[in-house]
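The exercises below ask you to reason from the atoms of a model to short, checkable statements. Work through each task before reading its solution.

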Amino acid sequence: MIEALISILIMSIGLLGIAGMQLKAISYQKNAWSTHRVAEITNDIAERILANPTGAKNGNYAYTADYATGKAATPSSNNCRTSSASCTTAQIAADDIADLLNKAQTILPGGAAQITGTPATGMVVTTMFMDKEFVDPASGALLPSTTCTSTIDASTSDIAWRNCCPAAASVPDGVRCRRFNLVPIEP
């Protein structure tokens with residue numbers, strides 16, 4: 001009888017361990033899903049910038065609204081890519097930014113985005129999203145994101161730079177940022 005109780009106790013501890021691993025796996029899966037979606041959105045805007053080099057050179061892709069403004073924005077389109085209308089490079093860039101914001105808002109929870117830089121020095125696309133699991137394990141309070149500099153330098157590792165939020169974004173606690181540097185696209 002005691003042997004059966006000890007066996008049940010050991011099996012229960014093992015099952016609790018398996019349940020804990022399952023919860024961690026789900027958390028990692030959500031993080032991977034968000035990272036994949038961010039990469040997908042960034043790749044799309046990078047391709048659009050490459051397709052409109054004049055608009056990029058003229059600074060038409062700069063979008064530096066803070067997190068709250070970008071999250072609440074209602075992007076409108078000039079329908080440059082879907083109609084036979086003749087659009088300027090600035091109108092095409094505006095459509096591309098509207099599409100970026102629309103994708104960030106619909107695909108990511110509390111999604112927003114920023115684009116800074118120039119084609120000559122490299123453009124930085126920052127995608128921001130709310131992560132309800134970005135919490136302090138002890139208190140359960142949402143954690144603040146790391147604020148970073150606008151450039152990669154000796155004091156910031158490449159990984160840290162990719163996961164920090166620009167100061168101009170003014171993100172609230174619980175928001176994660178993913179930054180991608182589009183290398184200089186003009187000679």
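## Exercise 1: a charged network between two helices

Both Asp96 and Arg48 are buried. The model is a predicted one, and the tasks that follow are to be read with that in mind.

**Task.** Establish which residue forms a salt bridge with Asp96, and where in the chain the two partners lie.

**Solution.** Begin with the distance: Asp96 forms a salt bridge with Arg48, and the closest N and O atoms are 2.9 Å apart. Next, place the partners in the fold: Asp96 belongs to helix α4 and Arg48 to helix α1, so that the bridge links distant parts of the chain, 48 residues apart. Then test the burial of Arg48: its relative accessible area is 17%, and because buried means under 20%, Arg48 falls into that class.

**Task.** Which residues are joined with Arg48 into one network by salt bridges that share partners?

**Solution.** Start from Arg48, which also forms a salt bridge with Asp99, again with the closest N and O atoms 2.9 Å apart. This pair too links distant parts of the chain, with Arg48 in helix α1 and Asp99 in helix α4, 51 residues apart. Through shared partners, the salt bridges join Asp44, Arg48, Asp96, Asp99 and Lys103 into one network. Now turn to a further pair of that network: Asp44 forms a salt bridge with Lys103, the closest N and O atoms being 2.8 Å apart. Here Asp44 lies in helix α1 (residues 2-51) and Lys103 in helix α4 (residues 89-107), with their positions 59 residues apart in the numbering. As for exposure, Asp44 has a relative accessible area of 22% and is partly exposed, while Lys103, at 24%, is likewise partly exposed. Over the whole structure, a search finds 7 salt bridges.

## Exercise 2: two serines in loops

**Task.** Decide whether Ser145 is buried or exposed, and list what Ser145 touches.

**Solution.** First locate Ser145, which sits in the loop between β2 (122-130) and β3 (147-148). Its relative accessible area is 14%, and therefore Ser145 counts as buried, the limit being under 20%. Leaving aside residues up to four places away in sequence, Ser145 touches Phe134, Cys165, Val171, Val175 and Arg176.

**Task.** What is the phi value of Ser170, and is Ser170 buried or exposed?

**Solution.** Ser170 occupies the loop between β4 (165-166) and β5 (175-182). Phi of Ser170 is near 50°, a positive value in a residue other than glycine. The relative accessibility of Ser170 is 51%, so Ser170 counts as exposed, for which the limit is over 50%.

## Exercise 3: the chain as a whole

**Task.** Describe the order of elements and the overall dimensions of the protein chain.

**Solution.** Count the elements: the protein chain has 5 helices and 5 strands, and from the N terminus on they run α-α-α-α-β-β-β-α-β-β. Then compare dimensions: the radius of gyration is 22 Å, whereas a compact globule of 187 residues would have one near 16 Å. Along the principal axes, the C-alpha atoms fill a box of roughly 85 × 40 × 30 Å.

**Task.** How many of the 187 residues, as a percentage, count as buried, and what supplies the exposed area?

**Solution.** Of the 187 residues, 30% count as buried. The protein chain exposes about 10,900 Å², of which carbon and sulfur atoms supply 62%. Finally, among contacts between residues at least 6 apart in sequence, 60% join residues at least 24 apart.

Note on methods:
Residues numbered from 1 in each chain as written. Predicted model: local features only at pLDDT ≥ 70, side-chain atom pairs only at ≥ 80, totals over all residues. Heavy atoms only, no water. Salt bridge = Lys/Arg side-chain N within 4 Å of Asp/Glu carboxyl O. Helix = DSSP H or I, 4+ residues; strand = E, 2+ residues; numbered from the N terminus. Buried < 20%, exposed > 50% of the residue type's maximum accessible area, 1.4 Å probe, protein only. Contact = heavy atoms within 4.5 Å. Rg over C-alpha atoms; globule rule 2.2 N^0.38 Å. Areas by Shrake-Rupley, 256 points an atom, 1.4 Å probe, with all protein chains shown as cover.
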